[in-house]
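The following exercises ask you to read a protein model closely, one region at a time. Work through each task with the structure open before turning to its solution.

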Amino acid sequence: MPLGGEQVPQNLDAVAVRAWCGLALDALGRAREEIDAINVYPVADGDTGTNLYLTVESAAQAVDAVFTGLEPTRPALAEAVRAMAHGALIGARGNSGTILSQLLRGMAQVLGADRDSDHADGRELALALRQAAESAYQAVAHPVEGTVLTVAAAAAAAADAASGADGDCGAVARAAYDGACRALDATPEQLAVLGRAGVVDAGGRGLVAVLGALVGALSGGTVLPKTASPHLRTTASGGHARVEPVECQEPPADPTNATAPAFEVIYLLEADDTAVARLRTRLDGLGDSLVVVGGDGLWNVHVHVDDAGAAVEAGVEAGRPHRIRITHFGVGDAHTAGVTPPPRERAQRAIVAVVPGEGLAGLYTEAGATTVPTRPGEPPASGELVEAIRRAHAREVVLLPNDAELRHTAAAAAEQARTEGVRVALIPTRSAVQGIAALAVHEPDRRFDEDVVAMTSAAGATRYAELAVAERQSWTMAGICQAGDVLGLIDGDVAVIGDDTTRTARSVLDRMLAAGGEMVTLVLGDDVPDSLGEELEKHVREMHLAVDTVVYRGGRQSALLLIGVE
């Protein structure tokens with residue numbers, strides 16, 4: 001039953017989309033280990049549940065962002081579903097996550113269209129599910145039945161059958177969920193590798209969880225995972241999990257063998273449709289498990305290859321690839337049977353930092369930190385921070401989020417890493433300049449607690465500021481700004497509004513140094529000339545005695561100007 005006596009939405013609106021994302025994230029969080037455990041196709045690398053969770057986490061963050069600042073009003077349905085699809089696209093992980101992002105994009109193509117009302121009815125939801133399934137099939141270079149594609153198609157067919165004149169969204173979603181469950185039960189009979197392993201398809205199991213969350217968002221109830229059908233006896237209670245092996249008629253070839261590609265390559269790509277069509281052909285000849293999703297100039301590319309460099313080069317030829325991730329399939333998966341490389345010795349202590357800008361990433365790396373690069377509007381998910389902690393391969397890790405908005409994400413990552421036996425200390429740095437101050441006093445030979453206290457103290461003693469350009473007219477703490485104004489934000493609040501970068505920066509520096517300071521750190525963005533740093537360094541030298549200044553280049557994706565005062 002709904003809490004607080006609220007009316008349950010039987011038509012899909014922006015609030016229901018937000019609830020759907022939250023419930024889907026919860027459901028995948030509960031099922032993540034189960035789904036990872038039954039992941040045998042297309043590669044038995046045990047990460048499907050994790051990849052789906054990270055993909056939905058990115059979608060949920062994007063939907064939350066469109067609600068920010070609008071209360072008590074709400075965004076339109078179209079805005080919410082487009083945000084969900086875009087968030088999933090930029091955060092898609094692995095084969096399963098990439099396909100899920102295309103399913104959500106297909107839904108957004110229907111639900112995100114201009115409409116007279118702020119909600120969709122059952123018929124529109126059924127059309128959206130049909131478009132989702134069709135677009136997912138089109139995104140996969142060589143579709144295979146018995147996978148998440150089959151489950152999506154069955155969900156769409158069941159939804160269509162339930163979308164008559166009286167079918168509201170709740171009834172359609174329930175029908176889609178039931179149809180997906182039936183299709184999932186049948187996957188071991190369709191795909192040989194699943195039948196031999198005695199499991200249902202992991203990606204399909206994840207989609208069932210997502211559709212169950214949709215039912216919950218529209219009905220206000222909790223949808224419990226169904227048990228498998230009678231002819232597939234489960235060995236784990238409470239849901240689709242491991243089943244007894246079954247015989248498969250005319251089984252497809254098993255791709256999980258020693259000759260399969262060794263690397264998974266994923267990247268976002270900015271390119272036009274013509275270039276992407278050529279890229280599909282090129283990558284199809286390099287490897288397998290090719291999935292290319294997206295559109296309107298932004299794509300997510302996923303492929304398994306032996307030559308990871310060639311896959312990235314193909315992306316460079318097609319457009320501008322970024323957020324490139326290359327994973328070598330590890331010990332215990334289908335590609336490395338019988339190969340046991342010696343374990344790498346863990347370091348005692350490491351620093352993991354979220355860093356905006358290539359220049360800052362280089363600076364942090366030189367200081368010995370493991371970095372998580374970010375782009376404007378694309379904050380990292382907790383899973384990316386966990387991966388960075390694993391990559392640091394240390395017994396003790398100091399985590400620097402360098403952004404106030406990432407405190408919850410970083411806390412979740414730290415908690416996950418602790419369950420894996422890593423001692424993690426989270427220092428709540430709110431800016432990259434606070435992280436620089438913390439790094440400056442880091443001493444790996446010191447006791448962990450003492451090191452954390454010293455780094456926390458240095459970060460806390462550093463005030464931070466940022467220069468940005470206003471995108472539109474807005475009310476601020478310093479008054480009304482117009483589009484194009486230069487804004488000086490001190491400790492997160494707008495303190496200065498100006499029309500010139502240099503003058504605004506001087507004013508910000510003077511305000512910050514009025515309370516005293518010994519060291520000024522300036523980080524120049526890619527669009528700022530070196531002369532700005534020279535001018536501000538001269539200003540500090542002449543107007544504020546005994547204050548030192550250090551200037552760094554932030555590079556691409558960094559802010560216009562970052563200022564730190566210690």
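**Exercise 1.** In this predicted model, find which backbone nitrogen a side-chain oxygen of Asp 307 reaches at the start of α11, and then establish which elements the buried residues of this helix pack against.

*Solution.* Step one is to look at the start of α11, where a side-chain oxygen of Asp 307 comes to within 3.3 Å of the backbone nitrogen of Gly 309. Step two is to list the buried residues of the helix, which spans residues 308–318: these are Ala 308, Ala 310, Ala 311, Val 312, Ala 314, Gly 315 and Ala 318. Step three is to follow their contacts outward, and here the buried residues of α11 are found to pack against the strands β3 (263–270), β5 (298–305) and β6 (320–328), and against the helix α10 (273–284).

**Exercise 2.** Describe the largest cavity by its volume, by the helices that supply its lining, and by the classes of its lining residues.

*Solution.* Begin with the count, since the structure holds six cavities of 30 Å³ or more; the largest of them has a volume of about 110 Å³. Next, identify the lining, which is made by 13 residues, with Leu 103, Met 107, Leu 129, Leu 207 and Leu 211 lying nearest the centre of the cavity. Then assign the lining to helices: α4 (94–111), α5 (122–139), α6 (148–161) and α9 (202–219) each contribute at least two residues, and α4 gives the most, with four. Finally, sort the lining by class, which yields 13 nonpolar residues and no polar or charged ones.

**Exercise 3.** Examine the salt bridges Asp 36 to Arg 32, Asp 499 to Arg 503 and Glu 535 to Arg 506, and decide for each of Asp 36 and Asp 499 whether the residue is buried or exposed.

*Solution.* The structure holds 24 salt bridges, and the three pairs can be taken in turn.

1. The side chains of Asp 36 and Arg 32 meet with an N to O distance of 3.5 Å. Both residues belong to helix α1 (residues 14–37), where they are four residues apart, about one turn of the helix. Asp 36 and Arg 32 are both buried.
2. In the pair formed by Asp 499 and Arg 503, the closest N and O atoms are 3.0 Å apart. Asp 499 has a relative accessibility of 65%, and therefore counts as exposed.
3. Glu 535 and Arg 506 form a salt bridge with an N to O distance of 2.4 Å. Because Glu 535 lies in helix α18 (residues 530–543) and Arg 506 in helix α17 (residues 501–513), this pair ties together parts that are 29 residues apart in sequence. Glu 535 is partly exposed at 30% relative accessible area, and Arg 506 is likewise partly exposed, at 27%.

To complete the exercise, look for a linked set: Arg 349, Glu 396, Arg 423, Arg 446, Asp 449 and Asp 451 are joined in a network of salt bridges.

**Exercise 4.** Determine whether Thr 55 is buried or exposed, and do likewise for Pro 428; then find what each is in contact with beyond its neighbours within four places in sequence.

*Solution.* Start with Thr 55, which lies in helix α2 (residues 48–67). Its relative accessible area is 0%, so Thr 55 is buried. Leaving aside neighbours within four places in sequence, Thr 55 is in contact with Ala 88, Gly 91, Ala 92, Arg 93, Gly 97 and Leu 100.

Turn next to Pro 428, which is found in the loop between β10 (423–426) and α15 (432–440). With a relative accessible area of 57%, Pro 428 is exposed, since the cut-off is over 50%. Under the condition that sets aside neighbours within four places in sequence, Pro 428 is in contact with Pro 401 and Gln 434. The C-alpha atoms of Pro 428 and Arg 407 are separated by 6.6 Å, although these residues are 21 apart along the chain.

**Exercise 5.** Find what percentage of the residues of the protein chain count as buried, and what percentage of its contacts between residues at least 6 apart in sequence join residues at least 24 apart.

*Solution.* First, note that the chain has 18 helices and 18 strands. Second, of its 566 residues, 53% count as buried. Third, among the contacts between residues at least 6 apart in sequence, 72% join residues at least 24 apart.

Terms used
Residues numbered from 1 in each chain as written. Predicted model: local features only at pLDDT ≥ 70, side-chain atom pairs only at ≥ 80, totals over all residues. Heavy atoms only, no water. 1 Å grid on protein atoms, 1.4 Å probe; cavity = no way out; pocket = protein on both sides within 12 Å on 5 of 7 lines; lining within 4 Å. Points joined across faces, edges and corners; volume = space filled by probe spheres on them. Nonpolar A, V, L, I, M, F, W, Y, C, P; charged D, E, K, R; others polar. Buried < 20%, exposed > 50% of the residue type's maximum accessible area, 1.4 Å probe, protein only. Contact = heavy atoms within 4.5 Å. Polar contact = N/O pair within 3.5 Å; in protein donor to acceptor, adjacent residues only side chain to side chain. Salt bridge = Lys/Arg side-chain N within 4 Å of Asp/Glu carboxyl O.
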